[in-house]
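Let's take a walk through a protein chain together. Have a look at the picture first, and then we'll go through it piece by piece.

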Amino acid sequence: MGVELKNSPRVVGKEVFGNLYDCDVDILKDDERLKNIATEAVKEGNMTLLDVKAWKIGEGVSVVAIVLESHVTIHTWPEHSFATVDVYSCGSHTNPRRAFDYIVAELKAKRFNIKEADRSSEF
């Protein structure tokens, strides 16, 4: 008997998300810089940018980059040197972990936690 091969998923979904601690406070307040970081993270993750927006919320910032493959988000709380990041992408050609790692480095997080979820589906 031959080995039965499992079919590839019809939808490949990968999500990488986590909390970043002890980040650079000045970067966490800078909406334009955060938009640029999100834009570069999209490139690092081999995704296709459709649009990026940022909103100031007090001193914090929320950034949403909509990509053809899904999204990248950064939410910051400068008063706590804290940020959350979520990178979700569909497609085997993308690398959300690489995008997440880029954001961690750019925010100069001294520590972080990370979780990964397989959101693929075979239907």
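What covers the buried residues of α3? Before we get there, a word on where this comes from: the model is predicted, so local features need pLDDT of at least 70 and side-chain atom pairs count only at pLDDT 80 or more, while totals for chains, interfaces and linings use all residues. Residues are numbered from 1 along each chain as its sequence is written, and side-chain values use heavy atoms, with hydrogens and water left out.

Back to that helix. In α3, which covers residues 96–106, the buried residues are P96, A99, F100, I103 and V104. Here "buried" means under 20% relative accessible area, "exposed" means over 50%, and "partly exposed" is in between, using a 1.4 Å probe and protein chains only. Looking down the axis of α3, you'd find its buried residues within an arc of 140 degrees, so they line one face of the helix. (That arc is taken from the directions from the helix axis to the C-beta atoms.) The cover over these residues includes β1, α2 (31–44), β4 (70–77), β5 and β6 (111–118). Just after α3 comes K108, with a positive phi near 55 degrees.

Now zoom out. The chain has 3 helices and 6 strands; helices (H or I, at least four residues) and strands (E, at least two) are DSSP runs, numbered from the N terminus. Along the sequence, they follow the pattern β-α-α-β-β-β-β-α-β. In space, the 6 strands make an open sheet with antiparallel pairing, in the order β2-β3-β4-β5-β1-β6. Two strands count as paired if DSSP finds at least two bridges between them. At the edges you'll spot β2 (49–57) and β6, each with a single partner strand, so one side of each has no neighbour in the sheet.

How do the helices sit against the strands? α3 lies across β1, β4, β5 and β6, and runs at about 15 degrees to β1. α2 lies across β2, β3 (60–67) and β4, running at about 150 degrees to β2. For these angles, axes are lines fitted to C-alpha atoms (for helices, over the stretch in contact), and the values run from 0 to 180 degrees between N-to-C directions.

Next, the rings. A search of the whole structure turns up 3 aromatic pairs. Rings of Phe, Tyr and Trp (its six-membered ring) pair if their centres lie within 6.5 Å; planes under 30 degrees apart are stacked, over 60 edge-to-face, and the rest tilted. One of the pairs is Y21 with F82, tilted, with 5.3 Å from centre to centre and 45 degrees between the planes. Y21 belongs to strand β1 (residues 13–21) and F82 to strand β5 (residues 82–90), so this pair ties together parts that are 61 residues apart in sequence. F82 is buried at 18% relative accessible area, whereas Y21 is partly exposed at 23%. Ring pairs also link Y21, W77 and F82 into a cluster, and F82 in β5 is the bridge partner of W77.

Y21 has another companion: the charged end of R111 sits over its ring, 4.3 Å from the centre. For that, NZ of Lys or CZ of Arg must be within 6 Å of the ring centre and within 35 degrees of the ring normal.

Technical notes
Contact = heavy atoms within 4.5 Å.
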